[in-house]
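Got your viewer open? Load the model below and follow along, selecting as we go.

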Amino acid sequence: MAFWGDYHTHTVYSHGRGTVEENVLAARARGLKAIALTDHGISGYPQNLHPADLPAFLSDVKASREAHPDVTVLAGIEANLVSLKGDLDLTEEWQDKLDLIICGFHGIRVPDSLSGILNFWLPNLFPTKNLRRRVMKNTDAYINAMRRFRVSIISHPLREIPCDLRVLGEAAKEYGVYIELNSKKCLFTPKDFEVLANTGCRFICDSDAHEPERVGDFSAVELFEAAGLDKSLIANWEAFPTFR
Ligand SMILES: [Zn+2]
Ligand SMILES: [Zn+2]
């Protein structure tokens, strides 16, 4: 009775502390059957996977995969949502080379485009009174990203960015995207869990580890269970998720 894989971990390629191999070894030591390395990306920003490092990252993942055939090792990315149109800081070329695309909003990542800064980033960092309108726009931004990119997980919804969980959950179900229970910080209330579960969407529980010691931390599941939901709704509970 256990989680089979941790699909959101960071390494030294962004601002994590462990190497790819150290994260994989940590996963293995905790009895996991799968791990994804999902650094922040892409941009020249120091906290993100630098474009020039992609070949080295992929080669490290390949080496760990070959060294540990008993563990499924996925090369992924936690791409930043950077505009209302659903732009991610991800190119088609990168998308084709990666096994798993996570989409998340991080206020620390300043969008490259002026419209991303003015219409999306600034209003979320410096909220105005018109919350309802911003919630609708943010939700549309997530949905646009799911439509345009091969996103498989929405990381830590509600963190730094309000959105309509019912509409988000319905879209996630339609596109086959998992809503993340993030063990670093899960902001869902019992009511939020209920709203999401009623949409029929599926969940995934991850550590979002930035150090090997936290790989395999699935503590967010406690909130999920406290809300009265069944772990069978979580794709990596005693199963392998199906990614787009
Ligand atoms: Zn994140
Ligand atoms: Zn993360």
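Here is a short walk from the whole chain down to single residues.

**Stop 1: the whole chain**

Before clicking on anything, keep in mind that this is a predicted model. Show the cartoon and you'll find 8 helices and 7 strands. Turn the chain along its principal axes: the C-alpha atoms fill a box of roughly 50 × 45 × 25 Å. The radius of gyration is 17 Å, and a compact globule of 244 residues would come out near 18 Å, so the two agree. Colour by burial and 46% of the 244 residues show up as buried. Contacts reach far along the sequence, too: of those between residues at least 6 apart, 76% join residues at least 24 apart.

**Stop 2: the core**

Next, go inside. The largest nonpolar core counts 67 residues, and Ile101, Cys103 and Tyr142 have the most contacts within it. Which helix gives the most to this core? Select residues 131–148: that is helix α5, which contributes 5 residues.

Stay in the core for a moment and centre on Cys103. What does cysteine 103 touch, once its neighbours within four places in sequence are left aside? Light up Ala79, Leu81 and Leu88, then Ala145, and finally Val151, Ile154 and Ser155; cysteine 103 is in contact with each of them.

**Stop 3: α5 against α6**

Keep α5 on screen and add helix α6, residues 165–175. The two axes come within 10 Å and cross at roughly 5°. Angles under 35 degrees count as roughly parallel, and α5 and α6 therefore run roughly parallel to each other.

Now switch on side chains where they meet. On the α5 side, pick Thr139, Tyr142, Ile143 and Met146; on the α6 side, pick Val167, Leu168, Ala171 and Tyr175. Sort the residues of this contact by type and you get 7 nonpolar, 1 polar and no charged. Tyr142 is one you've already met, as one of the residues with the most contacts in the core.

Zoom in on isoleucine 143, which sits in α5. Is isoleucine 143 buried or exposed? The cut-off for buried is 20 or more other C-beta atoms within 10 Å, and isoleucine 143 has 20, so it counts as buried. Try the distance tool from here to glutamate 170: C-alpha to C-alpha, the pair is 9.8 Å apart in space, with their positions 27 residues apart in sequence.

**Stop 4: the loop before α6**

Back up along the chain to the loop between β5 (151–154) and α6, and select leucine 158. Check the backbone: phi is positive at about 85°, although leucine 158 is not a glycine. With 18 C-beta neighbours inside 10 Å, leucine 158 counts as partly exposed.

Move on to glutamate 160, found in the loop between β5 and α6. Glutamate 160 has a positive phi as well, about 70°, and is not a glycine either. It is partly exposed, with 13 other C-beta atoms within 10 Å.

**Stop 5: aspartate 164**

Finish on aspartate 164, which lies in the loop between β5 and α6. With 17 other C-beta atoms within 10 Å, aspartate 164 is partly exposed. What does aspartate 164 touch, not counting residues up to four places away in sequence? Select Val135, Met136 and Thr139 to see its partners. Thr139 also takes part in the meeting of α5 with α6. For a last distance, pick glycine 200: its C-alpha atom is separated by 15 Å from that of aspartate 164, and the two are 36 residues apart along the chain.

Technical notes:
Residues numbered from 1 in each chain as written. Chains lettered and ligands numbered in written order. Predicted model: local features only at pLDDT ≥ 70, side-chain atom pairs only at ≥ 80, totals over all residues. Helix = DSSP H or I, 4+ residues; strand = E, 2+ residues; numbered from the N terminus. Rg over C-alpha atoms; globule rule 2.2 N^0.38 Å. Buried ≥ 20, exposed ≤ 12 C-beta atoms within 10 Å, placed from the backbone. Contact = placed C-beta atoms within 7 Å. Core = buried A, V, L, I, M, F, W, Y, C linked by C-beta atoms within 7 Å. Axes fitted to C-alpha atoms, helices over the stretch in contact; angles between N-to-C directions. Parallel < 35°, antiparallel > 145°, perpendicular 65-115°, else oblique. Nonpolar A, V, L, I, M, F, W, Y, C, P; charged D, E, K, R; others polar.
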